[in-house]
Amino acid sequence: MIHVQHLSKTYQDLQRGRFVAVDGVSFSVRAGEIFGLLGPNGAGKTTVLRILSTILEPSGGIATVAGFDVVRDAADVRRNIGFVSNNTAIYDRMTAWEMVQYFGRLHGMKSDLLRQRLETLFDQLRMNEFRDVPGAKMSTGMKQKVSIARAMVHDPPVLVFDEATLGLDVLVARNLLSVIRSLREAGKCLIFSTHIMSEVERLCDRIAIMYRGKILDTGTLDELRGRHREDDFEELFFGLLSQHEQERRNGDLDGSVMADPGGWSVAATAPGETSA
Ligand SMILES: Nc1ncnc2c1ncn2[C@@H]1O[C@H](COP(=O)(O)OP(=O)(O)OP(=O)(O)O)[C@@H](O)[C@H]1O
């Protein structure tokens, strides 16, 4: 469903100059799978997801969604993908129903089909009790459900959740994770990006650990634990990051300007040692 090969993105930044935010990233995600993109702030997760959703163009490499190329077939990709983030704008004066309906119309859905789809979505996401509540009066949890419904209104086979639990209370975040699980049962292809380790541990079938624009390793939890001989996922994660820092310092990696870790300081310790 999603294939990403040697994807890269370079920004021209006023302060930092030419800046590599995504650096040769490759991965694939199947239908019926939740793929976790785990990394600290600034690792490049949002940039990858924006490229997949055709909001940004890559500087190099190839990405396809449902068989369509994100650059060449951008309109087809948009028909096949839904994007959920934590900062989707919710219009104050529109009700939940009107907002989701509005985005269905933008996707060119006909009234009858759209009404049926809205009924299904409002049932599935348990949104009927605030169907007629305007954006200005919605709780954070309600707004997040509207964002999900909005991303799903055209029933795309691929859904992307970018730090979607950020700012949600425990209960709402838990509900969101259970919605994502039910989407997996429905055969959707799902990418879930986060910096919260427990979320990927609980939710994801496979995980890519991303840092400074690169994927340091990919696999199921068991594969990662076996490969790094470390059962504690947090230890494993910090071990990988600090090993990468060590290699950079030793000059094992090329000297091009890389993504900064967004305020995360990971000391170069021996693999397996933590440095948080
Ligand atoms: N438009 C831009 N111009 C210059 N640099 C950018 C731009 N957008 C992102 N960056 C930089 O690219 C790097 C990767 O950012 P990105 O948002 O993809 O990371 P992330 O892993 O999603 O982190 P976060 O969770 O903080 O969003 C960061 O160092 C960021 O400052």
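Two strands pair if DSSP finds at least two bridges between them. Keep that rule in hand for the sheet of this predicted model.

Start with strands S1 (2-13) and S2 (17-29). They run antiparallel and share 10 bridges. One point to locate is Lys 9, which stands opposite Val 22 in S2. A hairpin of three residues links S1 to S2.

Now move to strand S4, residues 60-65. S4 pairs with S1, again in the antiparallel sense, over five bridges. Here Val 4 has Ala 63 in S4 as its bridge partner. Strand S5 is short to write down: residues 68-69. S5 pairs with S4 over two bridges, also antiparallel. Thr 64 is matched with Asp 69 in S5. Two residues lie between S4 and S5, and the pair forms a hairpin. Ala 66 sits in that turn with a positive phi of about 50°.

Put the pairings together. The result is an open sheet of four strands, ordered S2-S1-S4-S5, with antiparallel pairing. Why do S2 and S5 each have one side without a neighbour in the sheet? Both stand at the edges and each has a single partner strand, so one side of each is left free of a neighbour there.

Next comes the ligand. The shell around the ligand holds 16 residues, and those that come nearest are Tyr 11, Ala 21, Asn 41, Thr 46 and Thr 47. Three elements give two or more residues to this shell: S1, S2 and helix H1 (45-52). H1 supplies the largest share, three residues. By class, the shell has five nonpolar, seven polar and four charged residues.

H1 deserves a second look. Where does H1 lie with respect to the rest of the structure? Seven of its eight residues are buried, so H1 is largely enclosed by the rest of the structure. For a residue to count as buried, 20 or more other C-beta atoms must lie within 10 Å of its own. In H1, the residues that pass are Lys 45, Thr 47, Val 48, Leu 49, Arg 50, Ile 51 and Leu 52. Thr 47 is also one of the residues that come nearest to the ligand. After H1 comes Thr 54, with a positive phi near 70°.

Helix H5 covers residues 140-152, 13 in number. From first C-alpha to last, H5 reaches 18 Å, close to the 18 Å expected at 1.5 Å a residue. In H5, 10 of the 13 residues are buried, so this helix too is largely enclosed by the rest of the structure. The buried set is Lys 143, Gln 144, Lys 145, Val 146, Ser 147, Ile 148, Ala 149, Arg 150, Ala 151 and Met 152. What do these buried residues pack against? Their partners are two strands and three helices: S6 (81-85), S7 (158-162), H3 (96-106), H4 (111-124) and H6 (170-185).

Finally, confidence. The protein chain has a mean pLDDT of 88, and 91% of its residues reach 70 or more. Residues 255-276 are another matter, with pLDDT below 50. Beyond near neighbours in sequence, this stretch still has 55 contacts in the model. Where pLDDT is low, the predicted coordinates should not be read in detail. For the complex, the predictor gives an ipTM of 0.94 and a pTM of 0.86.

Methods:
Residues numbered from 1 in each chain as written. Predicted model: local features only at pLDDT ≥ 70, side-chain atom pairs only at ≥ 80, totals over all residues. Near = placed C-beta within 6 Å. Nonpolar A, V, L, I, M, F, W, Y, C, P; charged D, E, K, R; others polar. Expected span 1.5 Å × (residues − 1). Buried ≥ 20, exposed ≤ 12 C-beta atoms within 10 Å, placed from the backbone. Contact = placed C-beta atoms within 7 Å. pLDDT = per-residue confidence, 0-100.
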